[in-house]
Every structure is written in structure tokens, then in C-alpha cells.
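Visitor: Could you pick one part of this model and take me through it closely, then show me how it sits in its surroundings?

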Amino acid sequence: MSGPLHTPLCDKLGIEYPIVAFTHCKDVAVAVINAGGFAVLGEAMHAPDHIAADIKWIRDRVNGKPFGIDLVLPSSVPEERTVEQLLAEIPQTHRDFEQMIKHKYNVPDPKEAPNLHIWGGLDQKRALAQVEVVFDERVPVFASGLGSPAFLLKRAHQLGIQVWGLVGKPRQAKKQIAAGTDVIIAQGYDAAGHTGNIGTFSIVPQVVDAARGSGVPVIAAGGVTTGRHLAAALALGADGVWTGSLWLASRESDLNLPLKERLIEAETDDTVYSDCISGYTMRTTRCPWHNEWLSPGAPEPLKPPLQMLLSANYIQGSLDYQRKDLMTEAAGQGIHYVTEMKPARQILSDLVDGALDVFDRFASA
Amino acid sequence: MSSTDSHRPEETASEAGYREGFDEAMRGRRAECDGGKGIEGTHFAGRQEFAGVLTGHYRDFGDYPWRWYLMTDLTRKPSGYAHDGVWCAAESLVFEGEE
């Protein structure tokens with residue numbers, strides 16, 4: 001196949017369209033892969049045996065087509081403490097503020113208290129155990145969603161595994177390209193969850209420039225939700241796009257229905273870049289928790305992981321009782337264009353058609 | 001208690017999951033760390049930026065090895081970060097004058 005959407009990334013992966021779906025839902029991944037795109041399944045919070053089972057599940061449904069697994073490699077780690085030590089550090093003022101929110105919005109208690117004792121394991125040992133599964137299973141692509149994967153490149157390449165690195169700064173891209181990373185994902189501030197502070201339109205061409213001559217494809221991430229975004233990313237020099245929010249409300253997505261409705265209703269302004277959920281700055285959809293913590297006179301959010309310990313009951317309660325008015329989810333600024341619950345195949349097809357329309361318009365001008 | 005205090009040389013690699021060492025050439029080097037980690041209990045991650053001075057202490061995880069350096073005298077750290085030091089993956093470090 002040739003045409004404006006056929007890029008070196010398509011050849012590198014053997015895919016039809018340079019569209020990567022990042023998702024935590026296996027059904028979305030399979031639907032995108034079988035429609036001609038590529039999917040990377042986020043497995044950061046799963047144990048090794050769970051990851052192995054998910055890999056097998058996908059393999060059984062994609063007829064040999066490639067896919068990827070994304071893990072969060074840590075890149076800085078403070079000392080570890082017990083959950084009891086952490087809980088003891090939460091000031092009473094913050095506990096009182098959390099209780100005020102609970103009463104003001106009638107936030108239900110979770111059906112089961114979040115199991116705080118499984119927390120704190122996202123350290124180097126756990127990451128390495130997860131990586132081993134990716135290696136054992138010879139997953140075609142390993143994507144590092146945060147830290148540099150440079151230390152494992154040699155072994156991955158010996159096993160025939162491509163290694164992708166997601167960056168939020170041009171200097172991170174330069175280091176990873178020099179180390180031999182196979183594909184760089186340049187993620188802009190528009191994106192969901194953890195991002196750098198550089199906008200997509202600014203970071204993508206800088207990373208493309210850094211990769212020039214290396215043969216390393218660059219994938220644009222952050223706010224990509226339409227064919228126009230795809231066309232613009234290619235015009236900036238990217239070889240493809242990384243999309244996440246686009247799939248959250250898809251038919252196949254396993255998010256609960258009220259949360260999908262909330263995402264469909266959400267506007268760009270409804271995504272907030274704040275540290276009030278976890279203590280880390282991240283982009284999530286606005287909810288009463290944000291409104292209260294961002295209001296004048298509210299306490300300063302605590303450092304990680306204390307703020308997450310504080311918000312855990314609110315978040316779990318909102319999900320357990322499907323309280324759309326309370327729910328929050330990581331979503332990028334492109335959420336404005338997520339307006340209906342479509343099958344993943346159609347979402348991909350709309351993206352392709354939209355981009356081709358742009359190129360046709362320029363060709364006929 | 002700071003992350004500096006978590007340095008326990010009596011631990012063996014099999015118990016702690018890492019091997020410890022000291023690299024004199026790294027001691028006193030100023031660096032920035034493009035850090036972060038997964039957020040406990042979620043599938044999200046968070047970025048954190050640090051700047052400070054490497055002590056020279058390192059930890060190697062796995063067979064690769066995956067090397068981590070201890071950074072102290074922090075001149076930049078996230079708001080609310082209460083520790084005196086932080087362990088940084090070697091590849092996340094940018095040394096003064098390197099960028």
C-alpha cells in the first residue's frame with residue numbers, strides 16, 4: 001500500500017495505518033489491531049502472571065499481527081515505607097478536608113476498601129519482573145511509558161523485540177535515540193495523565209529534528225483525536241500518532257457506562273492538569289474532588305503517595321456506585337472530539353478518512 | 001528519615017534485589033534527573049524533576065544491569081517532596097553542560 005498515510009512506521013510494524021492505540025482494555029487493542037492499526041496494552045499495574053495471560057489472550061485473537069505492551073519503568077524512587085508509616089504522615093487538616101468532600105457530595109464508601117497493602121510495589125524489582133514476561137513471551141514491541149528503556153535494549157534486540165520510549169522533553173529523545181531505542185513517542189502537554197510541559201505542536205518537530213538521520217520513527221502523542229490531528233502530525237514530520245483518550249468511550253472499552261458518558265460530555269476545559277489526585281501533576285477530567293482542592297483556602301495537596309492514599313476512597317466509591325457526578329479519569333485535551341460511543345474499527349476508519357480528506361484538499365488546491 | 005538513610009550496605013543482592021557500589025568518578029557531579037514513577041494503586045504514572053549532586057553510591061538491579069545513582073543536596077525537587085535524597089536511574093540523568 002502507498003499513499004500519504006503509509007509511513008516508515010507502517011513498514012517497521014507491518015501495519016496498514018500509522019495509528020497506535022494506547023489502551024488498558026484488551027478488547028480495544030484487538031479491535032484496533034484487526035482493523036489495520038497498532039495497539040499497545042498498558043500493563044503497569046498488573047502482576048507478571050496477569051500480563052502473561054493478557055498477552056496470550058491477544059495473541060489468540062490477532063492472527064499473528066504485532067502488538068505491544070507498555071510498562072512504567074520508574075526513573076526516580078524515594079525510600080520505601082510501609083503503608084502504616086505513610087498513613088501516619090497525612091495531616092489531620094487534610095483528613096478533615098477529605099471528610100468534608102465526602103459529606104458535601106455524599107460520596108459513598110467503596111464496596112471494598114482499596115487494598116493499600118499492595119501499594120508501594122512499583123519499584124525496580126517489580127518493573128523488572130514485568131519486563132521479564134515481555135521478554136519471555138517475545139512480545140513484538142515493548143513500550144516504556146516513563147523511564148528510559150536504554151538499559152534493556154541489548155537483550156530486547158537479541159530477542160527480536162522493538163523498544164519504544166515515550167518522552168516529554170527533546171533531551172530525553174536525544175538520549176534514547178543515541179542509546180538505540182527503536183521508536184520515540186513525543187508526548188505533548190495536551191495528553192492525558194503524566195505529561196511534560198511542552199505542547200504537542202512544539203515538542204513533535206523538535207523530536208523529529210533530533211531523530212533526523214537516525215532512522216528512528218517518531219510518533220506524535222497528546223490531543224490526537226481526529227484525522228486532522230493525524231494529518232497535522234505527519235505534516236510535522238511524525239511517522240504516526242499515539243492515541244489514548246480516543247478509545248476510552250469506544251464500544252469495546254471496559255470502562256463503566258456512566259464514566260463513558262462523562263467522557264463524551266467532557267470538553268477540553270474539563271480536563272485539569274493538577275496534583276490533587278495523586279500528588280503528581282497529571283491531566284484528568286474535572287470532578288468535585290478537583291473543584292474542592294483547587295478552590296481558595298483548600299490545603300496544598302500532599303506529596304506522593306500520601307495524596308493518593310487520601311483520594312483512594314473517593315475514587316473507588318465513585319466507581320463502585322457508578323456516580324457519574326463524582327467520577328474522574330485520565331483524559332487528554334482532545335476529549336472534545338470524543339462525542340459518541342463508536343466501535344473501535346469505526347473510530348480508526350474515521351481517523352483515516354479524516355486525514356485523507358486533508359491530504360486530498362491540499363492535493364487539489 | 002531520608003532516602004539517604006535507606007542506604008543499607010549490609011544487605012545482599014539476593015535479599016534486596018540489587019547490588020551496591022560506589023563510583024568515585026560520579027561523586028560530586030551535578031545533574032538533573034527527569035524522574036518519576038508509577039502511581040501506587042493506579043495504572044497512571046507521574047513525572048518528577050530533580051536537580052542535585054550525586055554521592056557516587058549506586059545500585060544495580062537485574063542482570064542488565066539497571067543502574068541507579070543516589071542524588072542529594074537537592075536544589076530542585078517537587079513541591080512537598082520531603083526527602084533529602086532520591087535514587088535516579090542512570091539514563092534519566094542529564095549532567096551539567098551535557099544538554
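Guide: Happily: here is a close look at one helix, followed by what lies around it.

This is a predicted model, in which local features need a pLDDT of at least 70 and side-chain atom pairs count only at pLDDT 80 or more, while totals for chains, interfaces and linings use all residues. Residues are numbered from 1 along each chain as its sequence is written, with chains lettered from A and ligands numbered from 1 in the order in which they are written.

Our helix is α8 of chain A, residues 170-179. Helices (DSSP runs of H or I, at least four residues) and strands (runs of E, at least two) are numbered from the N terminus. Because seven of its 10 residues are buried, α8(A) is largely enclosed by the rest of the structure. Buried here means 20 or more other C-beta atoms within 10 Å of a residue's own; 12 or fewer makes it exposed, anything in between partly exposed, and the C-beta atoms are placed from the backbone. The buried set in α8(A) is A:Pro170, A:Gln172, A:Ala173, A:Lys174, A:Lys175, A:Gln176 and A:Ile177. Just after α8(A) comes A:Gly180, with a positive phi near 110°.

What do the buried residues of α8(A) pack against? Within chain A their partners are β6 (162-167), β7 (183-187) and α9 (200-211), and β2 of chain B joins them. That last partner leads us to the other chain.

Chain B has one helix and six strands, in the order α-β-β-β-β-β-β from the N terminus. Its contact with chain A takes 37 residues from chain B and 47 from chain A, where two residues are in contact if their C-beta atoms, placed from the backbone, lie within 7 Å. On the chain B side, β2 (30-38), β3 (45-61) and β5 (86-89) each give two or more residues. By class, that side has 16 nonpolar, 15 polar and six charged residues; Ala, Val, Leu, Ile, Met, Phe, Trp, Tyr, Cys and Pro count as nonpolar, Asp, Glu, Lys and Arg as charged, and the others, Gly among them, as polar. β5(B) also pairs with strand β4 (residues 76-77) of chain A, antiparallel over two bridges, and A:Ser76 stands opposite B:Cys88 there. Pairing requires at least two DSSP bridges between the strands.

Now for the chain that holds our helix. Chain A comes to 14 helices and 11 strands, and 55% of its 365 residues count as buried. Its C-alpha atoms fill a box of roughly 60 × 45 × 40 Å along the principal axes. Contacts between residues 24 or more positions apart make up 67% of those in chain A with a separation of 6 or more.

The domain assignment gives domain 1 (8-77 + 120-253 + 340-364) and domain 2 (83-119 + 256-320) in chain A; such bounds come from an automatic or database assignment. Their C-alpha centres lie 28 Å apart.

A word on confidence: pLDDT, the predictor's confidence in each residue from 0 to 100, averages 93 over chain A, with 96% of the residues scoring at least 70. Over residues 118-122 of chain A, however, the pLDDT is below 50, and this stretch has 13 contacts in the model beyond near neighbours in sequence.
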